[in-house]
Amino acid sequence: MNSNIILKRFGLNPNDFLENDIEPITTDDGFIYLLEQNKNKIPCPYCHSNNIVLKEYYFRNINCSETIHIKDIFRIKVPRFKCKDCNKTFIKKLSNVNTHCNISNNVIKMICNDFYMCKTFDEIAIKYHISSAKVIDIFDNLIASPKRLTLPKILCIDEFHFSSSNNDNKYCVVIIDWEEKKVIDIIKNRKLPYLRDYFSKIDQKERNNVQYFVSDLYDGYRNIHNEFFKHSQHIADFYHITLQLSRAVNSLRTQIMKQLDFSSLEYKFMKKHWQLFISRYNHKYDSKFFKTKNGIEIPFFDIFMKCIKLNDNLWNGYNCIQDLFSIRKDQYFSDAKKDFDWLINKLENSNSILLLDVAKTYKKWTIEICNAYSYHIGFKNISNSIAECINNQIKTLIKVAYGYNLFERFRKRILLLLRF
């Protein structure tokens with residue numbers, strides 16, 4: 001087989017080698033191609049003298065593997081030259097192969113393209129028959145770190161768990177463009193000093209472009225809004241508003257359930273159908289039946305109402321959840337405030353500490369919560385749902401990669417995967 005055809009196939013320059021017919025050597029996992037670099041003398045790269053002599057030969061292996069199934073290695077006989085004037089030795093550079101590198105530039109380009117796909121560094125290393133350390137080295141040195149995007153009109157901010165061993169990276173923050181559904185940037189830590197330092201470096205005019213600031217009920221985000229985005233409207237996320245009450249009611253259900261006999265019908269129903277106690281009631285359950293071990297069928301509605309009325313606080317909490325679900329979105333702020341003032345008053349009249357804590361939280365975040373249920377010109381149902389969705393993608397990517405040690409490497413990889 002003509003060597004020029006093979007060299008062009010793998011992206012090497014035929015002019016760098018002596019032309020001959022080669023027959024690849026078959027190995028357990030691929031092929032080895034024997035080549036010889038041409039002996040044409042060049043001026044000394046150090047003193048530019050032409051007084052050059054051939055000193056010796058050595059063999060250099062170049063990895064040109066492009067698939068996981070076949071490992072292609074070029075074993076090249078390389079001439080080493082010596083300059084008689086400065087007594088230094090040197091070799092001629094190969095086109096499309098970097099000095100002191102045993103991987104062709106074609107393979108490096110393919111590796112860089114794979115960084116934009118949902119593959120781990122180990123998977124990329126196995127595909128191209130190189131070490132994971134080499135893949136990481138290529139990623140760190142050849143892939144530019146993506147820049148922060150311009151702050152949008154609707155800015156969503158949320159955190160996700162990154163590392164359990166490093167307090168500086170325990171919870172990272174992601175900021176997202178609600179309209180374009182793009183990740184603006186990832187911040188190293190959700191602690192207030194980190195957030196202040198990050199947003200203080202952004203120009204005031206750019207920060208003033210933010211019209212809506214969407215977050216969960218974390219006090220740090222409120223402080224950031226009041227300090228850097230005071231001209232925007234702070235909106236609390238629907239999910240976290242509901243989560244406060246549903247967690248309290250679920251805890252009440254658990255407390256009451258533990259007081260019952262394990263073999264009782266109520267205990268089994270409350271354990272199996274726990275979702276019913278914290279979700280909007282669906283009337284399709286009215287026609288269903290709950291079967292006991294004895295084969296007795298009890299109307300679903302009857303056993304549910306019997307369980308929910310075992311405790312006054314549970315009954316009150318369940319009704320509050322239904323009231324929360326019934327509050328209309330896209331209404332005037334004043335109407336939303338009336339609805340929540342009524343709901344808070346109902347929670348405050350409860351004897352349960354859990355429900356009283358929810359009332360305190362709702363009272364503390366009344367403006368932000370009412371903003372979430374208010375009408376916004378040109379936009380409908382602004383929430384942090386897109387941030388929660390992207391957070392799940394990020395968590396999946398962290399699990400697939402078995403975690404990251406360096407935040408900057410993690411940020412670069414995540415932004416590459418989610419933006420492009």
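Start your tour by selecting N349: this residue sits in the loop between α12 (333–348) and α13 (353–364). Those labels come from DSSP runs numbered from the N terminus, where a helix is H or I with at least four residues and a strand is E with at least two. Before you go on, know that this is a predicted model, with local features needing pLDDT of at least 70 and side-chain atom pairs counting only at pLDDT 80 or more, while totals for chains, interfaces and linings use all residues. Residues are numbered from 1 along each chain as its sequence is written, and side-chain values use heavy atoms, leaving out hydrogens and water.

**Stop 1: around N349**

Is N349 buried or exposed? N349 is exposed, because its relative accessible area is 57%. For these words, buried means under 20% relative accessible area, exposed means over 50%, and partly exposed is in between (1.4 Å probe, protein chains only). Now add N345 to your selection: its backbone oxygen lies 3.1 Å from a polar atom of the N349 side chain. Then pick N316, which is 33 residues from N349 in sequence and 9.4 Å away in space, C-alpha to C-alpha.

**Stop 2: the rings**

Show the aromatic side chains next; the structure holds 30 aromatic pairs. To count, rings of Phe, Tyr and Trp (its six-membered ring) need centres within 6.5 Å; planes under 30 degrees apart are stacked, over 60 edge-to-face, and the rest tilted.

Zoom in on W178 and F379. Why is this pair edge-to-face? The ring centres of W178 and F379 are 6.2 Å apart and their planes meet at 80°, so the pair gets that label. This pair links distant parts of the chain, 201 residues apart: W178 is in the loop between β7 (171–177) and β8 (182–187), and F379 is in the loop between α14 (366–372) and α15 (385–400). W178 is buried at 17% relative accessible area, and F379 is buried at 16%.

Hop over to F238 and Y373, another edge-to-face aromatic pair, with 5.1 Å centre to centre and 85° between the planes. Here too distant parts of the chain are linked, 135 residues apart: F238 belongs to helix α8 (residues 238–258), and Y373 to the loop between α14 and α15. Both F238 and Y373 are buried.

For a group view, select F115, F121, F139, F160, F162, Y404, F407 and F410, which ring pairs link into a cluster. Keep F139 on screen and add K412, whose charged end sits over the F139 ring, 4.9 Å from its centre. That wording needs NZ of Lys or CZ of Arg within 6 Å of the ring centre and within 35 degrees of the ring normal. You can find another such case at R9, with its charged end over the ring of F10, 4.7 Å from the centre.

**Stop 3: strand β2 and its partners**

Switch to cartoon view and colour strand β2 (residues 30–36). Five of its seven residues are buried, so β2 is largely enclosed by the rest of the structure. Strand β1 (residues 25–26) pairs with β2 in the antiparallel sense over two bridges; strands pair if DSSP finds at least two bridges between them. A hairpin of three residues joins β1 to β2, and T26 stands opposite F31 in β2. What about β4 (residues 71–83)? β2 and β4 pair in the parallel sense over seven bridges, with I73 in β4 as the bridge partner of I32.

**Stop 4: the cysteines**

How many disulfides are there? The count comes to zero, where a disulfide would be two cysteine sulfur atoms within 2.5 Å. Select C320: its closest cysteine sulfur, in C370, is 16 Å away, too far for a bond. C320 is buried, with a relative accessible area of 0%. For C389, the closest cysteine sulfur is in C156 at 12 Å, again too far for a bond. C389 counts as partly exposed, at 40% relative accessibility.

**Stop 5: E159, then confidence**

Select E159 in strand β6 (residues 154–161). E159 is buried at 16% relative accessible area, and a polar contact of 2.5 Å joins its side chain to that of Y221. A polar contact is a pair of N or O atoms within 3.5 Å; within protein, one must be able to donate a hydrogen and the other to accept it, and residues adjacent in sequence count only if both atoms are side-chain atoms.

Last, colour by pLDDT, the predictor's confidence in each residue from 0 to 100. The chain averages 90, and 98% of the residues score at least 70. Confidence is lowest in strand β11 (residues 289–291), at a mean of 74, and highest in α13, at 96.
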